[in-house]
Amino acid sequence: MKPTPLRPRPAQRGMTLVEVLVGLAIGMIGMLVIFQTVSVWNARTRATTAGNDSQVTGTIAMFNIERDLRLAGQGFGTATTPVMGCQVSGYDGQASAAVGFPMAPIVIVDNTLTNRPDEIAALYGTSPYFTTDQRYGAGTAHSIGTYDRTGFKSGDLVVVSNTGGAQPATADCQLVEVTDNSSTADTKTLSFVDTVPYTHFYRNNVSAPPRFNTAAGIGASFPSGKVFSLGPVPHRMVWSIVNGVLGKTDEFQVTGFFPIAEGVVDMKAEYGYDEDANTMIADDEWRKALPVAADWTRVRAIRVALLVRSRNYEKPGVANSAEQNYTAANPKWHQGGTVPTDFFMRNVDGSADTFADGDLDPNNWRNYRYTVYEKIFPVRNVIWGQ
């Protein structure tokens, strides 16, 4: 047979310009899709991460506030109506200044009129001994004769009160520092000298001059009454918000502002005041301020609301697009437990609100997410004491 002749292969001409342009267009479309996906993913990731940070911030903030509020009233929760809430006077020799504070477990500073965050002050003692109030008589300028001084140690700060009148918080109260509880003449005398160094029970028996006693002592207005132990280092923790940071200041120990949680922009608080004395707090018994001549023994609980702002700036986008489309509504807290009440919103830098919905500015509070934390804390030391 005659062999089939081999046909020459066609010449290799390569890709045409049209094919190159089509491939380039497909590649660019794929890259655009990838970048768009990454952009959306990154935005959602930042929002989720910032939301998680806000949850951690709110949890830490509420936990620390709860600790102080649950301790509030420790050492004087058994005070009677004329004594609870009395104005305690004294003198701090170290600071060379007068000392004054209400002997109330929790005090709310209502800043609604100025559209500022509220402040909360919690007062509690730190005695390691479970000591209730003790009656006393035979008082002198620098000593009292108690019915039982068990649990009172040298170095304790105590509040000495007289019996007071018939109205709430009418007792005279004074802060003194116990310098001697070891009198061998009897087992009931508590002394509080003003200048002589004494043996401090809580400081490994180191001798030091008293800090809170004066030459005048307690004076003649305390012939009898009750004495309350606040322990060696009592605290009056004042919770406040400074430049978007929640923190506390110990007024009793004269410490500076200690930051706790960043991103908390507002705090609201109200008393649960048992006005009808039925041991329960109804919705209409929650109030921002106590009535005139309030009975502090009826303050049964405290409601706290914290507003936490996310750190992630989220600019408003086009509706139904892949971009974020977010504008924050005015956050609310439940005043009285039932009434949704707006938080007063300011610019992120703390200045007055100057923006509207959709304004693309990082200073616009509407371009951030918010979480509200609300909780009720029973004033348990007072409840148990009464």
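Which residues have the most contacts inside the largest nonpolar core? In this predicted model, they are Leu-69, Met-103, Leu-175, Leu-246, Met-267, Ile-302 and Leu-306, and the core itself has 55 residues. Another core lies apart from it, with 12 residues that include Ile-144, Val-178, Phe-192 and Ile-218. As a bit of background, nonpolar side chains in soluble globular proteins tend to be buried together.

Ile-302 is worth a look. Setting aside neighbours within four places in sequence, Ile-302 touches Leu-69, Ile-106, Ile-108, Glu-270, Tyr-271, Trp-286, Lys-375, Ile-376, Phe-377 and Val-379.

Now for the pockets, side by side.

| Pocket | Volume | Nonpolar lining | Polar lining | Charged lining |
|---|---|---|---|---|
| Largest pocket | about 420 Å³ | 7 residues | 5 residues | 6 residues |
| Second largest pocket | about 360 Å³ | 5 residues | 13 residues | no residues |

In the largest pocket, 18 residues make up the lining, and Arg-116, Gly-244, Val-265, Arg-346 and Gly-350 are the closest to the centre. Strands β16 (264-273) and β18 (299-309) each put at least two residues into that lining, with β16 giving the largest share at 3 residues.

What about the second largest pocket? Its lining also comes to 18 residues, and Gln-74, Gly-75, Phe-130, Thr-131 and Asn-381 sit nearest its centre. Here a helix gives the most: α2 (residues 380-385) supplies 3 residues. If you care about charges, note that this lining has no charged residues, while the lining of the largest pocket has 6.

Terms used: Residues numbered from 1 in each chain as written. Predicted model: local features only at pLDDT ≥ 70, side-chain atom pairs only at ≥ 80, totals over all residues. Heavy atoms only, no water. Core = buried A, V, L, I, M, F, W, Y, C linked by side-chain atoms within 4.5 Å. Buried < 20%, exposed > 50% of the residue type's maximum accessible area, 1.4 Å probe, protein only. Contact = heavy atoms within 4.5 Å. 1 Å grid on protein atoms, 1.4 Å probe; cavity = no way out; pocket = protein on both sides within 12 Å on 5 of 7 lines; lining within 4 Å. Points joined across faces, edges and corners; volume = space filled by probe spheres on them. Helix = DSSP H or I, 4+ residues; strand = E, 2+ residues; numbered from the N terminus. Nonpolar A, V, L, I, M, F, W, Y, C, P; charged D, E, K, R; others polar.
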